[in-house]
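The following exercises concern a single protein chain and its ligand. Please study the sequence and the structure, attempt each task, and then read the worked solution.

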Amino acid sequence: MSSRVAAAGADQPLIQVSRLAKHYQNGQGTITVLKEINLQVEPGDMVAIMGPSGSGKSTLLFILGLLLPPTRGTYLFAGRDVLNLDRTAQAEFRRHRVGLVFQSCDLLEKSTVYENLEFPLIYAGVDRRDRPPRIMAALERVKLTHRVRHGANLLSGGEKQRVAVARALVNQPQVILADEPTGQLDRENSHLIVDHFQEIAAAGGTAVVVVTHDPEIAARCSRKYLLQDGVLVEL
Ligand SMILES: Nc1ncnc2c1ncn2[C@@H]1O[C@H](COP(=O)(O)OP(=O)(O)OP(=O)(O)O)[C@@H](O)[C@H]1O
Ligand SMILES: [Mg+2]
């Protein structure tokens, strides 16, 4: 699918989401989290999504990462309707196109930092010999090369978050979807991550969509949105 997605996208937005909605069922019935989301992201964009707790920010990122199906709406990635790809093609999309930084970090706690970064490369079919330099380069970006053989369970909260960012970058995805990637970091490390996102975006091809509560980080993005009452409002 990789070449087909790239070829289809030459003059298309990287992400084009239209009239997306998401309802969840809970014990009492249906709750509408996303009512009508319209969003367009170009390569090189760095987009901030802000909004109150529970407004659906993580839900939206999960949908963009194809980890959760929307209730309705369309999602074109480089011009291609990715919601209707079969399971194998969706898995391929996740492996090659998207780098996700989860709010909870979601590291494999029993594995080392090195192994946490190696797994996505193995899944993407990167040759064994090509993995170490890519892993070390990604760790270098988050200033964690000295922790490469450390067990993930022994890292501090902020170090985990930086490993999660490195893991999202290691596959050189076309879009990084980052859910509060600096929530546990001090100012210096927050800036390190945001500087890096800016560099990647400025270099061209890649886009960054970052959920953040930090107005300073949002101010460094090319566009800012507030997610409230199920819709995105540009700030
Ligand atoms: N699987 C689910 N089933 C039912 N309700 C859910 C489910 N997942 C999320 N929700 C509800 O959907 C709403 C949006 O959740 P979401 O995690 O997207 O919010 P958020 O904006 O990321 O919040 P936060 O800033 O606290 O991370 C919340 O009210 C949550 O309780
Ligand atoms: Mg969230």
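**Exercise 1. Locate Lys143 in the predicted model, and decide whether this residue is buried, exposed or partly exposed.**

Solution. Step 1: Lys143 lies in the loop between helix 5 and helix 6. Step 2: a residue is exposed with 12 or fewer C-beta neighbours within 10 Å and buried with 20 or more. Step 3: Lys143 has 14 such neighbours inside 10 Å, so Lys143 counts as partly exposed.

**Exercise 2. State what is notable about the phi angles of Lys143 and Arg19.**

Solution. Step 1: most residues other than glycine have a negative phi. Step 2: Lys143 is not a glycine, yet has a positive phi of about 55°. Step 3: Arg19, also not a glycine, has a positive phi of about 50°. Step 4: Arg19 is part of strand 1, and because it has 12 C-beta neighbours inside 10 Å, Arg19 counts as exposed.

**Exercise 3. Determine how far helix 6 reaches and how many of its residues are buried.**

Solution. Step 1: helix 6 runs over residues 157-169, which makes 13 residues. Step 2: at 1.5 Å a residue, a reach of 18 Å is expected; from first C-alpha to last, helix 6 reaches 19 Å, close to that value. Step 3: eleven of the 13 residues are buried, and helix 6 is thus mostly covered. Among the buried residues are Glu159, Arg162, Val165 and Leu169. Step 4: the cover of these buried residues includes strand 6 (98-101), helix 4 (113-123), helix 5 (131-141), strand 7 (175-179) and helix 7 (187-202).

**Exercise 4. Describe the shell around ligand 1: which element gives the most to it, and how do its residues divide by class?**

Solution. Step 1: the residues that surround ligand 1 include Tyr24, Asn26, Val33, Lys57, Ser58, Thr59 and Gln103. Step 2: strand 1 (15-26) and helix 2 (57-64) each supply at least two residues of this shell. Step 3: helix 2 gives the most, with three residues. Step 4: by class, the shell has two nonpolar, nine polar and one charged residues.

**Exercise 5. Compare the radius of gyration of the chain with that of a compact globule.**

Solution. Step 1: for 235 residues, a compact globule would have a radius of gyration near 18 Å. Step 2: the chain has 17 Å, which agrees. Step 3: the C-alpha atoms fill a box of roughly 45 × 40 × 40 Å along the principal axes. Step 4: of the 235 residues in the chain, 40% are buried.

Key
Residues are numbered from 1 along each chain as its sequence is written. Chains are lettered from A and ligands numbered from 1 in the order in which they are written. This is a predicted model: local features need pLDDT of at least 70, side-chain atom pairs count only at pLDDT 80 or more; totals for chains, interfaces and linings use all residues. A residue is near a molecule or strand if its C-beta atom, placed from the backbone, lies within 6 Å of it. Helices (H or I, at least four residues) and strands (E, at least two) are DSSP runs, numbered from the N terminus. Ala, Val, Leu, Ile, Met, Phe, Trp, Tyr, Cys and Pro count as nonpolar, Asp, Glu, Lys and Arg as charged, and the others, Gly among them, as polar. The radius of gyration is taken over C-alpha atoms; the globule rule is 2.2 Å times the number of residues to the power 0.38. The expected span of a helix is 1.5 Å times one less than its number of residues. Two residues are in contact if their C-beta atoms, placed from the backbone, lie within 7 Å.
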